[in-house]
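Trainee: Could you take me through one part of this structure slowly, starting from a single residue and working outwards from there? I would like to see how each step leads to the next.

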Amino acid sequence: MPLDRSDLYPLGAQVTTEQFTDQPYEVLEELCRNEPVSWLPALGGWMVSSRDLAVEAMRDDVRFTVDDPRFTTGAILGISMLNTEGEEHQKHRGLFAPSFRPGVLRRDFDDYLKAEVSSLLAGCDPSGTELRTQLAGPLAVNTITRFLGLEGVSSEQVLEWYHNIAKAITDLTVEGRVHGADQHAVNQMKHRVREAIDNDQAAEVLRSIKDSGALPPDVLGGAAVVLMFGAIETVEGMIANVLWHLCSTNSWRQVAADRSLLSNAIEESLRLEPAATFVDRYATTDAELGGVVIPAREKLSINLLAANRDPAHFENPHEFVIERPNAKQHVSFVQGPHGCIGNHLSRMETMAAIEGLLDRAPEIVFDAERSTSPEGLIFRKPENVWVSW
Ligand code: HEM
(Lines give C-alpha, C1' and ligand atoms only; values in the text may rest on other atoms or scores of the structure.)
Protein backbone atom coordinates (compact mmCIF):
# COMPACT_ATOMS: atom_id res chain seq x y z
CA MET A 1 0.00 0.00 0.00
CA PRO A 2 1.46 3.42 -0.88
CA LEU A 3 2.43 5.56 2.08
CA ASP A 4 0.20 8.55 2.69
CA ARG A 5 1.58 12.00 3.38
CA SER A 6 1.34 11.75 7.17
CA ASP A 7 3.59 8.66 7.05
CA LEU A 8 6.09 10.46 4.86
CA TYR A 9 6.09 13.67 6.91
CA PRO A 10 5.34 12.56 10.50
CA LEU A 11 6.65 15.74 12.13
CA GLY A 12 4.79 18.11 9.83
CA ALA A 13 1.60 16.08 10.05
CA GLN A 14 1.42 16.61 13.82
CA VAL A 15 2.11 20.32 13.98
CA THR A 16 -0.67 22.58 15.25
CA THR A 17 -0.99 26.31 14.58
CA GLU A 18 -0.97 26.85 18.38
CA GLN A 19 2.53 25.36 18.52
CA PHE A 20 3.64 27.93 15.95
CA THR A 21 2.16 30.89 17.78
CA ASP A 22 3.92 31.23 21.10
CA GLN A 23 7.39 29.60 21.34
CA PRO A 24 7.73 27.69 18.06
CA TYR A 25 11.52 27.54 18.08
CA GLU A 26 12.01 23.90 19.10
CA VAL A 27 9.50 22.43 16.68
CA LEU A 28 10.81 24.61 13.85
CA GLU A 29 14.37 23.47 14.48
CA GLU A 30 13.25 19.85 14.50
CA LEU A 31 11.47 20.37 11.17
CA CYS A 32 14.48 22.22 9.74
CA ARG A 33 16.81 19.38 10.69
CA ASN A 34 14.59 16.43 9.76
CA GLU A 35 11.86 17.54 7.34
CA PRO A 36 13.08 20.79 5.78
CA VAL A 37 10.34 20.51 3.18
CA SER A 38 7.33 19.03 4.91
CA TRP A 39 3.61 18.63 4.54
CA LEU A 40 1.61 20.48 7.22
CA PRO A 41 -2.13 19.87 7.21
CA ALA A 42 -2.44 22.63 9.86
CA LEU A 43 -1.31 25.15 7.24
CA GLY A 44 -3.18 23.51 4.38
CA GLY A 45 -0.04 22.80 2.38
CA TRP A 46 3.73 22.42 2.33
CA MET A 47 6.25 24.30 4.41
CA VAL A 48 9.96 24.93 3.89
CA SER A 49 12.09 25.65 6.96
CA SER A 50 15.76 25.49 5.96
CA ARG A 51 17.44 28.72 4.87
CA ASP A 52 18.98 27.44 1.62
CA LEU A 53 15.78 25.84 0.38
CA ALA A 54 13.72 28.87 1.45
CA VAL A 55 16.03 31.11 -0.59
CA GLU A 56 15.82 28.73 -3.57
CA ALA A 57 12.00 28.88 -3.52
CA MET A 58 11.82 32.68 -3.01
CA ARG A 59 14.13 33.34 -5.95
CA ASP A 60 12.27 31.02 -8.31
CA ASP A 61 9.14 32.85 -9.41
CA VAL A 62 8.74 30.52 -12.40
CA ARG A 63 8.05 27.42 -10.32
CA PHE A 64 6.73 29.14 -7.17
CA THR A 65 4.35 32.00 -7.87
CA VAL A 66 2.30 34.59 -6.00
CA ASP A 67 -0.01 34.93 -9.01
CA ASP A 68 -2.87 32.76 -7.74
CA PRO A 69 -6.51 33.63 -6.98
CA ARG A 70 -6.22 32.03 -3.55
CA PHE A 71 -3.78 34.72 -2.43
CA THR A 72 -5.91 36.55 0.14
CA THR A 73 -4.42 40.07 0.03
CA GLY A 74 -4.88 40.06 -3.73
CA ALA A 75 -8.47 38.90 -3.41
CA ILE A 76 -9.24 41.83 -1.08
CA LEU A 77 -7.12 44.63 -2.54
CA GLY A 78 -6.94 43.71 -6.23
CA ILE A 79 -3.99 43.50 -8.58
CA SER A 80 -0.65 44.93 -7.39
CA MET A 81 3.05 44.11 -7.18
CA LEU A 82 2.18 41.67 -4.40
CA ASN A 83 0.30 39.23 -6.65
CA THR A 84 1.87 39.61 -10.08
CA GLU A 85 4.98 38.09 -11.65
CA GLY A 86 7.37 38.76 -14.51
CA GLU A 87 6.89 41.87 -16.65
CA GLU A 88 3.58 42.79 -15.06
CA HIS A 89 5.23 42.70 -11.62
CA GLN A 90 8.18 44.79 -12.82
CA LYS A 91 5.76 47.37 -14.19
CA HIS A 92 3.89 47.72 -10.87
CA ARG A 93 7.02 47.66 -8.73
CA GLY A 94 9.05 49.91 -11.03
CA LEU A 95 6.56 52.75 -10.60
CA PHE A 96 7.20 52.90 -6.85
CA ALA A 97 10.79 51.67 -6.54
CA PRO A 98 12.48 55.07 -7.12
CA SER A 99 10.67 56.60 -4.11
CA PHE A 100 12.02 53.84 -1.86
CA ARG A 101 15.69 54.35 -2.77
CA PRO A 102 17.92 55.08 0.26
CA GLY A 103 19.12 58.49 -1.00
CA VAL A 104 15.59 59.71 -1.72
CA LEU A 105 14.34 58.41 1.62
CA ARG A 106 17.17 60.05 3.52
CA ARG A 107 16.44 63.37 1.85
CA ASP A 108 12.71 63.17 2.51
CA PHE A 109 12.57 61.38 5.86
CA ASP A 110 15.71 61.90 7.98
CA ASP A 111 14.58 65.14 9.61
CA TYR A 112 10.95 64.10 9.72
CA LEU A 113 11.72 60.87 11.60
CA LYS A 114 13.92 62.62 14.18
CA ALA A 115 11.23 65.19 14.85
CA GLU A 116 8.42 62.63 14.94
CA VAL A 117 10.25 60.35 17.40
CA SER A 118 11.09 63.33 19.58
CA SER A 119 7.48 64.45 19.63
CA LEU A 120 6.17 60.93 20.43
CA LEU A 121 8.69 60.54 23.26
CA ALA A 122 7.79 63.95 24.65
CA GLY A 123 4.30 62.54 25.22
CA CYS A 124 5.58 59.46 27.10
CA ASP A 125 5.63 59.15 30.87
CA PRO A 126 9.21 58.54 32.12
CA SER A 127 7.86 56.74 35.19
CA GLY A 128 6.24 54.03 33.03
CA THR A 129 5.76 53.78 29.27
CA GLU A 130 4.60 50.95 27.03
CA LEU A 131 6.76 51.39 23.94
CA ARG A 132 4.81 49.37 21.35
CA THR A 133 1.67 51.46 21.60
CA GLN A 134 3.35 54.75 22.53
CA LEU A 135 6.26 54.75 20.10
CA ALA A 136 6.46 51.87 17.58
CA GLY A 137 2.81 51.82 16.40
CA PRO A 138 2.25 55.58 16.01
CA LEU A 139 5.61 56.03 14.26
CA ALA A 140 4.71 53.32 11.72
CA VAL A 141 1.28 54.82 11.00
CA ASN A 142 2.42 58.44 10.82
CA THR A 143 5.38 57.66 8.55
CA ILE A 144 3.44 55.78 5.88
CA THR A 145 0.66 58.39 5.97
CA ARG A 146 3.30 61.00 5.25
CA PHE A 147 4.92 58.83 2.56
CA LEU A 148 1.59 58.62 0.74
CA GLY A 149 0.99 62.32 1.37
CA LEU A 150 -2.68 61.75 2.05
CA GLU A 151 -3.72 65.24 3.01
CA GLY A 152 -6.66 65.46 5.32
CA VAL A 153 -6.44 61.80 6.37
CA SER A 154 -5.71 61.39 10.07
CA SER A 155 -3.55 58.66 11.59
CA GLU A 156 -6.65 57.36 13.40
CA GLN A 157 -8.40 56.97 10.06
CA VAL A 158 -5.43 55.10 8.58
CA LEU A 159 -5.35 52.80 11.57
CA GLU A 160 -9.07 52.09 11.27
CA TRP A 161 -8.59 51.26 7.58
CA TYR A 162 -5.74 48.97 8.50
CA HIS A 163 -7.94 47.04 10.93
CA ASN A 164 -10.68 46.71 8.29
CA ILE A 165 -8.28 45.16 5.78
CA ALA A 166 -6.77 42.88 8.41
CA LYS A 167 -10.25 41.72 9.44
CA ALA A 168 -11.29 41.05 5.84
CA ILE A 169 -8.12 39.02 5.25
CA THR A 170 -8.57 37.05 8.47
CA ASP A 171 -12.21 36.26 7.59
CA LEU A 172 -11.21 35.09 4.14
CA THR A 173 -8.44 32.91 5.57
CA VAL A 174 -10.47 31.43 8.43
CA GLU A 175 -14.04 31.33 7.04
CA GLY A 176 -13.33 31.36 3.32
CA ARG A 177 -15.48 34.47 2.79
CA VAL A 178 -15.42 38.20 3.44
CA HIS A 179 -18.31 39.75 5.37
CA GLY A 180 -20.25 42.39 3.45
CA ALA A 181 -19.50 45.07 6.02
CA ASP A 182 -15.75 44.43 5.83
CA GLN A 183 -15.68 44.50 2.05
CA HIS A 184 -17.71 47.71 2.15
CA ALA A 185 -15.18 49.27 4.52
CA VAL A 186 -12.31 48.22 2.26
CA ASN A 187 -14.08 49.62 -0.83
CA GLN A 188 -14.75 52.89 0.97
CA MET A 189 -11.09 53.20 1.86
CA LYS A 190 -9.96 52.52 -1.72
CA HIS A 191 -12.47 55.09 -2.89
CA ARG A 192 -11.24 57.68 -0.40
CA VAL A 193 -7.61 57.12 -1.39
CA ARG A 194 -8.53 57.41 -5.08
CA GLU A 195 -10.38 60.62 -4.36
CA ALA A 196 -7.30 62.08 -2.66
CA ILE A 197 -5.15 61.12 -5.66
CA ASP A 198 -7.72 62.52 -8.13
CA ASN A 199 -7.83 65.80 -6.21
CA ASP A 200 -4.04 66.08 -6.15
CA GLN A 201 -4.05 65.64 -2.37
CA ALA A 202 -1.50 62.84 -2.40
CA ALA A 203 2.27 62.38 -2.63
CA GLU A 204 4.15 63.29 -5.80
CA VAL A 205 4.76 59.61 -6.63
CA LEU A 206 1.01 58.87 -6.70
CA ARG A 207 0.16 62.03 -8.62
CA SER A 208 2.76 61.37 -11.30
CA ILE A 209 1.58 57.77 -11.80
CA LYS A 210 -1.94 59.12 -12.15
CA ASP A 211 -0.86 61.79 -14.66
CA SER A 212 1.12 59.30 -16.74
CA GLY A 213 -1.87 56.96 -16.89
CA ALA A 214 0.47 54.02 -16.15
CA LEU A 215 -2.14 52.42 -13.88
CA PRO A 216 -5.93 52.70 -14.06
CA PRO A 217 -7.29 54.83 -11.16
CA ASP A 218 -8.76 51.88 -9.30
CA VAL A 219 -5.52 49.89 -9.53
CA LEU A 220 -3.52 52.92 -8.38
CA GLY A 221 -5.81 53.34 -5.36
CA GLY A 222 -5.25 49.65 -4.56
CA ALA A 223 -1.47 50.03 -4.92
CA ALA A 224 -1.45 52.89 -2.41
CA VAL A 225 -3.46 50.77 0.01
CA VAL A 226 -1.01 47.86 -0.45
CA LEU A 227 1.84 50.15 0.63
CA MET A 228 -0.16 51.35 3.60
CA PHE A 229 -1.07 47.83 4.62
CA GLY A 230 2.51 46.58 4.17
CA ALA A 231 3.96 49.29 6.38
CA ILE A 232 1.90 49.31 9.55
CA GLU A 233 1.91 46.07 11.53
CA THR A 234 5.31 45.05 10.13
CA VAL A 235 7.13 48.23 11.15
CA GLU A 236 5.39 48.33 14.52
CA GLY A 237 6.50 44.72 15.06
CA MET A 238 10.05 45.33 13.88
CA ILE A 239 10.58 48.28 16.23
CA ALA A 240 8.90 46.54 19.17
CA ASN A 241 11.02 43.41 18.62
CA VAL A 242 14.26 45.43 18.59
CA LEU A 243 13.22 47.25 21.76
CA TRP A 244 12.37 43.96 23.41
CA HIS A 245 15.67 42.31 22.40
CA LEU A 246 17.76 45.27 23.52
CA CYS A 247 15.96 45.79 26.82
CA SER A 248 15.36 42.18 27.84
CA THR A 249 18.96 41.07 27.20
CA ASN A 250 20.58 44.03 28.87
CA SER A 251 22.13 45.07 25.55
CA TRP A 252 20.67 48.56 25.91
CA ARG A 253 23.69 49.67 27.95
CA GLN A 254 26.08 48.24 25.36
CA VAL A 255 24.41 50.15 22.55
CA ALA A 256 24.19 53.29 24.66
CA ALA A 257 27.95 53.10 25.24
CA ASP A 258 28.74 52.34 21.59
CA ARG A 259 26.16 53.43 19.03
CA SER A 260 28.08 51.72 16.23
CA LEU A 261 26.65 48.42 17.53
CA LEU A 262 23.10 49.47 16.81
CA SER A 263 22.88 48.71 13.11
CA ASN A 264 23.94 45.07 13.56
CA ALA A 265 21.75 44.75 16.64
CA ILE A 266 18.74 45.68 14.49
CA GLU A 267 19.68 43.00 11.93
CA GLU A 268 20.12 40.44 14.70
CA SER A 269 16.68 41.26 16.06
CA LEU A 270 15.21 40.97 12.55
CA ARG A 271 16.85 37.56 12.31
CA LEU A 272 15.49 36.26 15.60
CA GLU A 273 11.97 37.59 15.14
CA PRO A 274 10.88 38.50 11.62
CA ALA A 275 7.82 40.71 12.05
CA ALA A 276 6.14 38.79 9.20
CA THR A 277 6.79 35.08 9.55
CA PHE A 278 5.32 33.41 6.47
CA VAL A 279 5.26 34.08 2.77
CA ASP A 280 3.14 31.90 0.55
CA ARG A 281 3.75 30.65 -2.97
CA TYR A 282 1.87 28.27 -5.30
CA ALA A 283 3.62 25.60 -7.37
CA THR A 284 3.09 26.26 -11.09
CA THR A 285 4.12 22.71 -12.00
CA ASP A 286 5.19 19.57 -10.13
CA ALA A 287 8.16 21.28 -8.50
CA GLU A 288 11.09 19.56 -6.81
CA LEU A 289 12.52 21.25 -3.73
CA GLY A 290 15.09 19.55 -1.52
CA GLY A 291 14.20 16.16 -2.95
CA VAL A 292 10.44 16.59 -2.36
CA VAL A 293 8.03 17.01 -5.25
CA ILE A 294 5.38 19.63 -4.56
CA PRO A 295 2.47 18.86 -6.86
CA ALA A 296 1.29 21.60 -9.25
CA ARG A 297 -1.13 24.17 -7.72
CA GLU A 298 -0.36 23.18 -4.12
CA LYS A 299 0.64 25.86 -1.61
CA LEU A 300 4.17 26.23 -0.26
CA SER A 301 4.60 28.34 2.88
CA ILE A 302 8.10 29.69 3.38
CA ASN A 303 8.79 29.96 7.10
CA LEU A 304 11.13 32.93 7.53
CA LEU A 305 11.42 32.46 11.29
CA ALA A 306 12.66 28.89 10.80
CA ALA A 307 15.03 29.88 7.98
CA ASN A 308 16.52 32.64 10.14
CA ARG A 309 17.27 30.13 12.89
CA ASP A 310 18.62 27.38 10.64
CA PRO A 311 21.43 25.82 12.74
CA ALA A 312 23.35 24.95 9.57
CA HIS A 313 23.66 28.65 8.81
CA PHE A 314 23.66 30.46 12.16
CA GLU A 315 25.72 29.29 15.14
CA ASN A 316 23.73 29.12 18.41
CA PRO A 317 20.74 30.22 16.36
CA HIS A 318 18.39 31.03 19.25
CA GLU A 319 20.73 33.47 21.00
CA PHE A 320 20.70 37.24 20.57
CA VAL A 321 24.33 37.94 19.66
CA ILE A 322 24.71 41.67 19.19
CA GLU A 323 27.88 41.40 17.08
CA ARG A 324 26.93 38.25 15.15
CA PRO A 325 29.00 38.48 11.96
CA ASN A 326 26.35 37.08 9.63
CA ALA A 327 23.23 38.57 11.27
CA LYS A 328 22.42 40.41 8.04
CA GLN A 329 21.99 37.13 6.21
CA HIS A 330 18.48 36.79 7.64
CA VAL A 331 15.65 36.55 5.13
CA SER A 332 13.11 38.68 7.01
CA PHE A 333 12.72 41.00 4.03
CA VAL A 334 12.67 38.03 1.62
CA GLN A 335 14.98 37.53 -1.35
CA GLY A 336 14.17 37.47 -5.05
CA PRO A 337 11.70 39.54 -7.07
CA HIS A 338 9.28 40.12 -4.17
CA GLY A 339 11.88 41.29 -1.65
CA CYS A 340 10.39 43.97 0.60
CA ILE A 341 10.31 47.34 -1.15
CA GLY A 342 10.05 49.08 2.23
CA ASN A 343 13.16 47.59 3.84
CA HIS A 344 15.23 50.81 3.83
CA LEU A 345 12.40 52.93 5.16
CA SER A 346 11.71 50.35 7.90
CA ARG A 347 15.35 50.35 8.96
CA MET A 348 15.39 54.16 9.04
CA GLU A 349 12.26 54.25 11.20
CA THR A 350 13.71 51.69 13.59
CA MET A 351 17.06 53.45 13.82
CA ALA A 352 15.35 56.79 14.49
CA ALA A 353 13.13 55.28 17.19
CA ILE A 354 16.00 53.61 19.06
CA GLU A 355 18.40 56.54 18.71
CA GLY A 356 15.76 58.99 19.94
CA LEU A 357 15.11 56.80 22.97
CA LEU A 358 18.84 56.29 23.62
CA ASP A 359 19.30 60.07 23.64
CA ARG A 360 16.51 60.49 26.13
CA ALA A 361 17.02 57.37 28.22
CA PRO A 362 20.54 55.88 28.07
CA GLU A 363 19.86 54.14 31.40
CA ILE A 364 16.48 52.68 30.71
CA VAL A 365 14.84 50.33 33.26
CA PHE A 366 13.07 47.34 31.71
CA ASP A 367 9.94 46.15 33.50
CA ALA A 368 10.17 42.39 32.89
CA GLU A 369 7.01 41.63 34.86
CA ARG A 370 4.74 43.79 32.75
CA SER A 371 6.44 43.01 29.41
CA THR A 372 5.78 40.01 27.20
CA SER A 373 7.97 38.15 24.72
CA PRO A 374 7.28 38.22 20.95
CA GLU A 375 4.50 35.91 19.81
CA GLY A 376 2.12 35.39 16.91
CA LEU A 377 1.52 32.96 14.06
CA ILE A 378 1.89 35.26 11.06
CA PHE A 379 2.90 38.59 12.60
CA ARG A 380 5.25 38.35 15.56
CA LYS A 381 5.81 41.04 18.17
CA PRO A 382 5.65 41.55 21.93
CA GLU A 383 2.29 42.78 23.16
CA ASN A 384 3.98 44.97 25.78
CA VAL A 385 7.43 46.47 26.28
CA TRP A 386 7.23 48.44 29.54
CA VAL A 387 10.12 50.67 30.54
CA SER A 388 10.88 53.69 32.71
CA TRP A 389 13.72 56.17 32.85
C1 HEM B 1 7.77 51.10 5.15
C2 HEM B 1 7.44 49.89 5.48
C3 HEM B 1 7.09 48.81 4.48
C4 HEM B 1 6.48 48.90 3.25
C5 HEM B 1 5.96 50.14 2.53
C6 HEM B 1 6.42 47.55 2.73
C7 HEM B 1 5.88 47.20 1.50
C8 HEM B 1 6.05 45.98 0.89
C9 HEM B 1 5.59 45.66 -0.44
C10 HEM B 1 4.83 46.59 -1.37
C11 HEM B 1 5.98 44.38 -0.70
C12 HEM B 1 5.71 43.59 -1.97
C13 HEM B 1 6.90 43.66 -2.88
C14 HEM B 1 6.70 42.87 -4.14
O15 HEM B 1 5.89 41.94 -4.14
O16 HEM B 1 7.39 43.16 -5.11
C17 HEM B 1 6.64 43.88 0.48
C18 HEM B 1 7.13 42.61 0.62
C19 HEM B 1 7.47 42.08 1.84
N20 HEM B 1 7.63 42.78 3.02
FE21 HEM B 1 7.43 44.74 3.29
N22 HEM B 1 6.97 46.67 3.64
C23 HEM B 1 7.39 47.41 4.72
C24 HEM B 1 7.99 46.91 5.87
C25 HEM B 1 8.20 45.59 6.12
C26 HEM B 1 8.76 45.05 7.35
C27 HEM B 1 9.16 45.86 8.57
C28 HEM B 1 8.79 43.69 7.20
C29 HEM B 1 9.27 42.64 8.18
C30 HEM B 1 10.23 42.81 9.03
C31 HEM B 1 8.31 43.39 5.86
C32 HEM B 1 8.22 42.13 5.32
C33 HEM B 1 7.95 41.86 4.00
C34 HEM B 1 7.97 40.53 3.43
C35 HEM B 1 8.25 39.25 4.19
C36 HEM B 1 7.66 40.68 2.06
C37 HEM B 1 7.58 39.57 1.02
C38 HEM B 1 6.14 39.19 0.67
C39 HEM B 1 6.14 38.05 -0.30
O40 HEM B 1 7.17 37.75 -0.91
O41 HEM B 1 5.10 37.38 -0.46
N42 HEM B 1 7.95 44.56 5.26
N43 HEM B 1 6.69 44.88 1.44
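Mentor: Let us begin with glutamate 383, which is partly exposed, having a relative accessible area of 41%. The model in front of you is a predicted one, and what follows should be read with that in mind. To place a figure of this kind, recall that a residue counts as buried under 20% relative accessible area and as exposed over 50%, with partly exposed in between. Glutamate 383 has a partner, arginine 132, and the two form a salt bridge in which the closest N and O atoms are 3.3 Å apart. Because arginine 132 belongs to helix H9 (residues 131-148) while glutamate 383 sits in the loop between E9 and E10, this pair ties together parts that are 251 residues apart in sequence. The arginine side of the pair is buried, since the relative accessibility of arginine 132 is 12%. The two residues also belong to a wider arrangement, for Arg132, Glu233, Glu236, Lys381 and Glu383 are linked in a network of salt bridges.

The loop that holds glutamate 383 leads us to the strands on either side. E9 and strand E10 (residues 386-388) pair in the antiparallel sense, with two bridges between them, and valine 365 is found opposite serine 388 in E10. These strands are part of an open sheet of three strands, in the order E4-E10-E9, with antiparallel pairing. Strand E4 (129-130) and strand E9 (365-366) are the edge strands, as each of them pairs on one side only.

A second pair of strands can be read in a similar way. E1 and strand E2 (residues 45-48) pair in the antiparallel sense over four bridges, and valine 37 faces valine 48 in E2. Between the strands of this hairpin there are four residues, and glycine 44 takes a positive phi near 70°. In a regular strand the side chains alternate between the two faces of the sheet. For strand E1 (residues 37-40), both faces are covered: Val37 and Trp39 on one side, and Ser38 and Leu40 on the other, are all buried. Close by in the sequence is leucine 43, whose backbone oxygen lies 3.0 Å from a polar atom of the side chain of lysine 299. Lysine 299 is a residue of strand E8 (residues 299-303), and it counts as buried at 18% relative accessibility.

Now let us return to salt bridges, of which a search of the whole structure finds 22. Glutamate 204 and arginine 207 give one of them, with a distance of 3.9 Å from N to O. Both of these residues lie in helix H12 (residues 204-212), three residues apart, which is about one turn of the helix. Arginine 207 is partly exposed, with a relative accessible area of 26%. Another salt bridge joins the side chains of arginine 324 and glutamate 268, at 2.9 Å from N to O. This pair links distant parts of the chain, with arginine 324 in the loop between H16 and H17 and glutamate 268 in helix H15 (residues 262-272), 56 residues apart. Both arginine 324 and glutamate 268 are buried.

The loop between helix H16 (304-308) and helix H17 (343-360) also holds cysteine 340, and this residue brings us to the ligand. The iron atom of the ligand has a single donor from the protein, the SG atom of Cys340, which is 2.3 Å away. The ligand is surrounded by 27 residues, and the closest are His89, Arg93, Arg281, His338 and Cys340. In the case of arginine 93, a polar side-chain atom lies 2.8 Å from an oxygen atom of the ligand, while an N or O atom in the side chain of arginine 281 is 2.7 Å from an oxygen atom of the ligand. The elements that give two or more residues to this shell are helix H7 (86-96), helix H13 (217-248), strand E5 (278-283) and H17. Of these, H13 gives the largest share, six residues. Glycine 230 makes its contact through the backbone, where an N or O atom lies 3.4 Å from a nitrogen atom of the ligand. Sorted by class, the shell contains 17 nonpolar, seven polar and three charged residues.

Notes:
Residues numbered from 1 in each chain as written. Predicted model: local features only at pLDDT ≥ 70, side-chain atom pairs only at ≥ 80, totals over all residues. Heavy atoms only, no water. Donors = N, O, S within 2.8 Å, 3.2 Å for Na, K, Ca; no water. Buried < 20%, exposed > 50% of the residue type's maximum accessible area, 1.4 Å probe, protein only. Pairing = 2+ DSSP bridges. Salt bridge = Lys/Arg side-chain N within 4 Å of Asp/Glu carboxyl O. Near = heavy atom within 4 Å. Polar contact = N/O pair within 3.5 Å; in protein donor to acceptor, adjacent residues only side chain to side chain. Nonpolar A, V, L, I, M, F, W, Y, C, P; charged D, E, K, R; others polar.
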